[in-house]
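Grab a pencil and open the viewer: here are some exercises to work through. Try each task yourself before you read its solution.

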Amino acid sequence: MPLSLPGIVVSKGIAIGKARVQQHGQLDIVEYVLPEEYIEDEVARFRHALDAARKQLHTIRAQIPGNTPRDIAAFIDTHLLMLEDAALSTVPIDIIREHRCNAEWALKLQQDALVQVFDAMEDSYLRTRRDDVEHVVQRILHILMHEDHLPSGIESDRAEPRIVVAVDLAPSDLVMLHNHNIAAIVTERGGPLSHTAILARSLGIPALVGVPHVHQYIRNDELLVVDAENGALLTGLDARALDFYRRLQRSERRARRELQQLKSEPAVTLDKVDITLRANIELSEDLSAMRRVGADGVGLYRTEFLFMNRDSPPDEEEQFRVYRHTVKRLGGASLTIRTLDLGADKEIVPGSSTSTNPALGLRSIRLCLQEPELFRPQLRAILRASAFGPLRILIPMLTTPEEVPQVLGLIESAKAELRREKKRFDPEIMVGGMIEVPAAAICADIFARELDFLSIGTNDLMQYTLATDRIDETVNHLFDPLNIGVLRLIAMVLQAGQAAGIPVSMCGEMAGDPALTPLLLALGLREFSMPPASLLEVKRRIRQSDTAKLKRQLGKLLYSENVLELSETLSDINRNHKKFIAP
Ligand code: PEP
Ligand code: MG
């Protein structure tokens, strides 16, 4: 019987292959009471399993592909450190001796205790740490129970690509799996912002997450189709349906190859309007991806990723080296560095937030203004790097116009310090602001007078305008980019920029959604910044668009309450876009 399970697409593509169901996390742990004379043997067995886990992680570490983001490699180091921590290396031994129980049971008791502690903290960063504990414990348990940590058969079955089905996958597991023949991954847990999702995207492995009870429905060796374009896992398909997906897979591959031809073509509309397409990057390693698609520089460098997965923030010197390296590698294209946007789901000191609603609390520029010892080194590092290439400063989460002179004042005093120290910087460096809070969008005209450029952060702008937490999957459906309130705010910001004669770009995920490209062009957006993977598809839409015609088709609908008509007209426009470049 055909079965279709819905899932969230975190890395696009179509994959067809046999299932390898990974029983990771599904081990049945039973308690045994041991006779006194066996206790020390059990302790030795546990120590041996710890050693084996350590060796496995070192092997994974050595196999990490060169282009893997640095924070993924850091995860494996975190797991190695956890193995050394008394909580996992000695407390289970105490439990074995005290309870006279088997090593598996002791480890399970300790895992439950640790997870409880993490759960009580209710902090999103620490939730990730809890997942780490679970991943490390599972690794040791599999060794103790002589289970392969990786799906059996993958090692020997290199010729046939496999679709890995699991409850959850650690980034380190994915690194390991990547060395074998993996067609796609499908997991029950996870979200688009997890490190496994980031890694799947960077490795180009189609991935679906959040597929409910997937490991219960799918059996080993079953033929599966992962439709990571439309968000579905399919099984039990007949020959006709399989043929349909094979064709779809071929046409997707062809479309991707064809898109590559657009790399050196200009982003210009049919009516000759030039559009700027920049890339969003998180790590300086992402520069290779942006080069592959020929982006016009970086429109958003999320620097907070530099501050994560470490015990103390990077100092001015370390930041300066990273920013200088990045701007130099851009070879003359501009680099827009966003100052620290920490807080909410991006904590620098895990568990430091005491706010009951961190998304509305002391985060981002608010935190930087309150903690100059955090902000000052970053400003100085960015200024110093500006001597090595075109660089712009972008301030996140501005809410009230009074914040602007405070930030500009700090930048001026950093400049004065550098002048005294005879350190070089670009005295004309442009300073822009992110418009991602509704109050700032409404007052965009004031911000536009004080700043050199604006950038619309639609992820937070939607979160705050629609009162919808962006990391809460239960309200995901309320994130509607066609919401009239959201569109009116975007339009206000664009108009404010035009009136003040300053550029306005968009760097939220909306800018990288090709289905929204006609709408954004009709609204008057001319500068887009997006994940490199979306850039060529957006460029294709731009080259098939006529801005004057789009304004006629969509103009009135953009400001009316008729969302249905807007959505249907947009779908019609998108349907008429040619999928392939060549006839
Ligand atoms: C945004 O909010 O749209 C944005 C680009 O910033 P971030 O996603 O990092 O919050
Ligand atoms: Mg934001």
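The exercises below deal with a predicted model, and each one comes with a worked solution.

**Exercise 1. Find out which residues sit closest to ligand 1, and what kinds of residues make up the shell around it.**

Step 1: Start with the head count. Ligand 1 is surrounded by 14 residues, and the closest are Arg302, Arg338, Gly457, Asn459 and Arg470.

Step 2: Now sort the shell by type. You should get seven charged residues, four polar ones and three nonpolar ones.

Step 3: Next, see where the shell comes from. Strand S10 (298-302) and helix H18 (458-465) each bring in at least two of its residues. The top contributor is H18, with three residues.

**Exercise 2. Look for polar atoms close to the oxygen atoms of ligand 1, then work out how much of the ligand the protein buries.**

Step 1: Try the side chains. In Arg302, a side-chain N or O atom is 2.8 Å from an oxygen atom of ligand 1. For Arg338, a polar side-chain atom also lies 2.8 Å from a ligand oxygen.

Step 2: Don't forget the backbone. Thr458 has a backbone N or O atom 3.1 Å from an oxygen atom of ligand 1. With a cut-off of 3.5 Å for polar contacts, the Thr458 pair makes the list.

Step 3: Check the cover. On its own, ligand 1 would expose 290 Å², and the protein buries 98% of that.

**Exercise 3. Trace the open sheet and say which strands form its edges.**

Step 1: Follow the eight strands across in the order S1-S8-S7-S3-S4-S5-S6-S2; their pairing is mixed.

Step 2: Look for strands that pair on one side only: these are the edge strands, S1 (3-6) and S2 (8-11). From one strand to the next, the twist averages 30 degrees.

Step 3: Zoom in on S3 (residues 13-22) and S7 (residues 223-228), which run antiparallel and are joined by six bridges. Gly17, for instance, has Leu224 in S7 as its bridge partner.

Step 4: Add a helix. H10 (residues 239-260) packs on this sheet and touches S3, S7 and S8 (232-235), with its direction at about 120 degrees to that of S3.

**Exercise 4. Trace the barrel and pick out one pair of its strands.**

Step 1: Go round in the order S9-S10-S11-S12-S13-S14-S15-S16: these eight strands close into a barrel with parallel pairing. Here the twist averages 25 degrees from one strand to the next.

Step 2: Take S14 (residues 453-456) and S15 (residues 504-506), a parallel pair with three bridges. Leu454 has Val504 in S15 as its bridge partner.

Note on methods. Residues are numbered from 1 along each chain as its sequence is written. Chains are lettered from A and ligands numbered from 1 in the order in which they are written. This is a predicted model: local features need pLDDT of at least 70, side-chain atom pairs count only at pLDDT 80 or more; totals for chains, interfaces and linings use all residues. Side-chain values use heavy atoms; hydrogens and water are left out. A residue is near a molecule or strand if one of its heavy atoms lies within 4 Å of it. A polar contact is a pair of N or O atoms within 3.5 Å; within protein, one must be able to donate a hydrogen and the other to accept it, and residues adjacent in sequence count only if both atoms are side-chain atoms. Accessible areas come from the Shrake-Rupley method with a 1.4 Å probe; for residues, only the protein chains shown count as cover. Helices (H or I, at least four residues) and strands (E, at least two) are DSSP runs, numbered from the N terminus. Ala, Val, Leu, Ile, Met, Phe, Trp, Tyr, Cys and Pro count as nonpolar, Asp, Glu, Lys and Arg as charged, and the others, Gly among them, as polar. Two strands pair if DSSP finds at least two bridges between them. Axes are lines fitted to C-alpha atoms, for helices over the stretch in contact, and angles run from 0 to 180 degrees between N-to-C directions. Contact means heavy atoms within 4.5 Å.
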